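Biologist: I am new to this structure and would be grateful for a close look at its salt bridges. Please set out which side chains take part and where they lie, and then how these places fit into the rest of the model.

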Amino acid sequence: MRVLVVGGGGREHALIKKIKESKKVDYIACCPGNGGISFDAECFNVGACDIDGVVNLAKEIKADLVVVAPDDPLVLGMVDALNKEGFKTFGPTAAAAIIEGSKVFSKNLMLKYGIPTAEYKVFDNADDAIAYITEKNEFPTVIKADGLALGKGVIIPESLDAAIAGVKEIMEDKVFGDSGNNIVVEEFLTGPEVSVLAFTDGKCVKPMVSSMDHKRALDGDKGLNTGGMGTVSPNPYYTDEVAKECMDKIFMPTIEAMNKEGRTFKGCLYFGLMDTPKGPKVIEYNCRFGDPETQVVLPRLKTDIIDIFEAINNETLSELEIEWSDDACVCVIMASGGYPKAYDKGIEITGLKDGDLDGVTVYHAGTALKDGKLVTSGGRVLGVTALAGDLTSALKKAYDGVEKISFDKAFCRKDIGKRALEALK
């Protein structure tokens, strides 16, 4: 098979390395890819949101399967365009991808079908939102931009002044562009967060192993929200009991709700959950593999990923037994100094050979090749990832790997996995 992967970050690198393990695949292309991905796939300079460009590239390389990984092209309808041209794909159609593309849609879906989530109200102007928040006077509160915002369209103000400033930033200053035309204001939930990715063919749901993300930039969950500074799998809070409740009250009801809405979802559906004192509730849905959750989930996958993609296309997922390793997996993100705000690019990375490192797997998120050297090209640069028999051993391996890699102003969180270790005590 000839496979094309759309995207250019750490998630796509993790997908490509897993696809590379399949005996069914003899050629992998990626667009646009990045410096590290170029060691594992042929990269083409076609933008991830260039629908016509991707369709033409798929024709040019005679792709047997196109894996559309990022949210933007999915919401824009790239899968629809590829399917129209006869290509097999992995990823939802635009009609289904709206579950991530619009927070208003997803919250209304949950309300309509009784799927547990935080109480909320939707607003299309700043004055009404501010009046509501002022009247409620409950903090912290959660304010979400309706549309896609690179995973950063959520603020959690701790005071009325901060909430008013946040509403104005999103709705009037348009810090997230048109994504902020509408906002969702919702109650602040408490409890451990759990991320669960699930394969679905629109009829059957096969959850993957759980993971725990670390969103804040600095140790102790301090600093600004980021796209994710590291992950561990499994998540100790996701017990068998919680898993069953999620399947019965959240996973299957969501798939059934989407079917009833005429928006059958096929691909990977990400459930961002909070295990509250009243049971698990949905914080958010994503219409694709999470990043950096993918980097700790896929290394534990034992089943050929191409078999899974084919079963989803054929709607035979219920007949496929998906196997997972019992190992723990840890991913520590090495980021550029200044991230998630302004940062320099083009800084040489040392300690890596051929884009990888012995003993651990390094997934490249923001790297480029310049004059034969690997340099930084993004905020999140590398995901240093290790598998081991237990979480403590996996953490040691990953952080030992981090110590071997360097670039100017690099930083990482030193406490990835700390909450998970405490939960295991």
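Salt bridges and their setting

Modeller: Asp248 has a relative accessibility of 47% and therefore counts as partly exposed, since that class lies between the limits of 20% for buried and 50% for exposed. The model is predicted. The side chain of Asp248 meets that of Lys244 in a salt bridge, with 2.6 Å from N to O. Helix α9 (residues 240-260) holds both residues, which are 4 residues apart, about one turn of the helix. Lys244, at 53% relative accessibility, counts as exposed.

Salt bridges that share partners also join residues into a network, made up of Lys17, Lys20, Asp40 and Asp356. Within this network, the side chains of Asp40 and Lys17 form a salt bridge of 3.2 Å, N to O. Lys17 belongs to helix α1 (residues 10-20) and Asp40 to the loop between β2 (27-32) and β3 (42-43), so this pair ties together parts that are 23 residues apart in sequence. Asp40 and Lys17 are both buried.

A further pair is Lys59 and Glu85, whose side chains meet in a salt bridge of 3.3 Å, N to O. Lys59 sits in helix α2 (residues 51-60) and Glu85 in the loop between α4 (78-84) and β5 (89-90); the two are 26 residues apart, and the pair links distant parts of the chain. Lys59 has a relative accessible area of 41% and is therefore partly exposed. Glu85, at 43% relative accessibility, likewise counts as partly exposed. In total, the model has 25 salt bridges. In general, side chains of opposite charge can pair when their charged atoms come close.

The loop that carries Asp40 runs between two strands, β2 and β3, and these strands belong to a sheet. The sheet is open and has 5 strands in the order β3-β2-β1-β4-β5, with parallel pairing. β3 and β5 each have a single partner strand and stand at the edges, so one side of each lacks a neighbour in the sheet. β2 and β3 run parallel and are joined by 2 bridges; Ala29 has Glu42 in β3 as its bridge partner. The strand β5 at the other edge also bounds the loop that holds Glu85.

Antiparallel pairing appears around strand β9 (residues 183-187). Of its 5 residues, 4 are buried, so the strand is largely enclosed by the rest of the structure. Strand β6 (residues 120-123) pairs with β9 in the antiparallel sense over 4 bridges, and Lys121 has Val185 in β9 as its bridge partner. Strand β7 (residues 141-145) also pairs with β9 in the antiparallel sense, over 5 bridges; here Thr141 is matched with Glu187 in β9.

Charged residues also gather without salt bridges. Asp124, Asp127, Asp128, Glu169, Glu172 and Asp173 form a negative surface patch, and a patch includes only residues that have no salt bridge. One of them, Glu169, is found in helix α8 (residues 160-171). Glu169 has a relative accessibility of 40% and therefore counts as partly exposed.

Technical notes
Residues numbered from 1 in each chain as written. Predicted model: local features only at pLDDT ≥ 70, side-chain atom pairs only at ≥ 80, totals over all residues. Heavy atoms only, no water. Patch = residues over 30% accessible without salt bridge, like charges linked within 9 Å, V, L, I, M, F, W, Y side chains within 5 Å. Areas by Shrake-Rupley, 256 points an atom, 1.4 Å probe, with all protein chains shown as cover. Salt bridge = Lys/Arg side-chain N within 4 Å of Asp/Glu carboxyl O. Lys, Arg positive; Asp, Glu negative; His and termini not counted. Charge placed at Lys NZ, Arg CZ, Asp CG, Glu CD. Buried < 20%, exposed > 50% of the residue type's maximum accessible area, 1.4 Å probe, protein only. Pairing = 2+ DSSP bridges.
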